[in-house]
Amino acid sequence: MTRHVIVIGAGIVGVSTAIWLQRAGAQVTIIDRAGPGKGTSHGNAGVLAACAVAPVTAPGLLTKAPVMLMHPDVPLYLRLSYLPRLLPWLAKYLSVANDTDTKRISAGLAPIVSDSIDQHKSLTADLGLSDWIADSDYVFAYRTRAAFDAEAYTWALRARAGFTPELIKGPAIRDYEPALGQDITLLATMKDHGFIRDPGGYVAALAQAFTQGGGTIMKAEVKDFDLTGGTVAAVQTDQGAVACDDIVLATGVWSKPLMAKLGLSIPLETERGYHIIFGDATGGPSRPTMIASGKFVATPMAQGLRCAGILEFGGLDARPSKAPL
Ligand SMILES: Cc1cc2nc3c(=O)[nH]c(=O)nc-3n(C[C@H](O)[C@H](O)[C@H](O)COP(=O)(O)OP(=O)(O)OC[C@H]3O[C@@H](n4cnc5c(N)ncnc54)[C@H](O)[C@@H]3O)c2cc1C
């Protein structure tokens, strides 16, 4: 019997999960209140960041964070009005900013992300969408050698996962990437990475391939679940109930209230991020370049140069803050 699986959320996680379920023979319906690729999966830096095995919670964060929050040039922001709600989670978060937990988290991340380029290639190949994946280096640009050395712990974590950078210094920097100014004196380049030139468009193209393969996409807000004998028999939406055999919850940062309805209590918080697009920009970097001092990535995209990153704690509902921009 074909099982009917409902995937809630049409971001990159939901849509790619739906495609793999379809390949496994399930009848799949995706439900999203906004449509494919309109959430976080639209606004990111587009990097297929296989080497992203270093969590933010590195040793020393507890002492560094207050200084970072006070400094206007450090890309870490906190909405003070949100602090009371954040505190219980923040205490737990900071409690893992030690060597043992950081290495444990990093070892857990490695099998999830380190094959991401191959994963996107195997996702797209049979759908005729391989052109969406651009092979490239992933570059970290530093003003000084000292700034690179200050991140030695993070680089050691990446090396443990098999990612060791090639360093480029002096005039060779401009040969490699003419767009970079003289104040960049060291590049750490990661080979065999890749990026997406239009992350939202990519998810929309995957979603279209999913519907062409017989999948259904429904625009609705999921409100609740019908639980029978410990399994989900139907999903309750603002458009009515939809029966199912299984569900996949892929609602990203919005997952917490839905997980609560399923009896799951997960300590999930939002790391808000920002991007700016310099439309039709020319002469920018030709590959994703992490500007280390600003903790944002400059990526050449279909719409122009996108600078994306920054970390802000402020919950899900607040409007964009001026300071990060
Ligand atoms: C500034 C920034 C830069 C980033 N850069 C990178 C990068 O370069 N590389 C990288 O790998 N990652 C990057 N990320 C992270 C990456 O974008 C996210 O991890 C990823 O997009 C999450 O995908 P998702 O499918 O889980 O969630 P989302 O894309 O947010 O999708 C969740 C979907 O659920 C839907 N939804 C929520 N609640 C409901 C409901 N009740 N009913 C129906 N639908 C619902 C939403 O409408 C949304 O479409 C970045 C993030 C930010 C903010």
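This passage describes the strands, the helices, the nonpolar core and the ligand surroundings of a predicted model.

In the predicted model, four strands form an open sheet, in which the order is E8-E2-E1-E12 and the pairing is parallel. The edges of this sheet are taken by strand E8, which spans residues 216-219, and by strand E12, which spans residues 246-249; each of the two has a single partner strand, so one side of each is left without a neighbour in the sheet. On average, and with direction ignored, neighbouring strands of the sheet are turned by 20 degrees against each other. Within the sheet, strand E1 (residues 4-8) runs parallel to strand E2 (residues 27-32), and five bridges join the two. One residue pair illustrates this arrangement, since Val-5 has Val-28 in E2 as its bridge partner.

Two helices lie across strands of this sheet. Helix H1, made up of residues 12-23, lies across E1, E2 and E12, and its direction is at about 170 degrees to that of E2. Helix H10, made up of residues 199-212, lies across E2 and E8, and runs at about 120 degrees to E8.

A separate pairing is found between strand E10 (residues 231-237) and strand E11 (residues 240-243), which are joined in the antiparallel sense over four bridges. The connection from E10 to E11 is a hairpin of two residues, and in this pairing Gln-236 stands opposite Ala-241 of E11.

The largest nonpolar core contains 40 residues, of which Val-15, Tyr-138, Phe-140 and Tyr-142 touch the most other members. At least two residues of this core come from each of several elements, among them E1, H1, E2, strand E3 (47-48), helix H6 (116-125), strand E5 (133-142) and strand E7 (186-196), while H10 gives the most, with seven residues. The surroundings of Phe-140 can be described in further detail: when its neighbours within four places in sequence are left aside, Phe-140 is in contact with Cys-51, Trp-155, Arg-158, Leu-186, Leu-187, Ala-188, Met-190 and Met-290.

The ligand is surrounded by 27 residues, and the closest of these are Asp-32, Thr-40, Ser-41, Val-47 and Val-222. For Asp-32, a polar side-chain atom lies 2.6 Å from an oxygen atom of the ligand. The side chain of Asn-44 likewise has an N or O atom that is 3.0 Å from an oxygen atom of the ligand, whereas in Ala-45 a backbone N or O atom lies 3.0 Å from a nitrogen atom of the ligand.

Key:
Residues numbered from 1 in each chain as written. Predicted model: local features only at pLDDT ≥ 70, side-chain atom pairs only at ≥ 80, totals over all residues. Heavy atoms only, no water. Pairing = 2+ DSSP bridges. Axes fitted to C-alpha atoms, helices over the stretch in contact; angles between N-to-C directions. Contact = heavy atoms within 4.5 Å. Core = buried A, V, L, I, M, F, W, Y, C linked by side-chain atoms within 4.5 Å. Buried < 20%, exposed > 50% of the residue type's maximum accessible area, 1.4 Å probe, protein only. Near = heavy atom within 4 Å. Polar contact = N/O pair within 3.5 Å; in protein donor to acceptor, adjacent residues only side chain to side chain.
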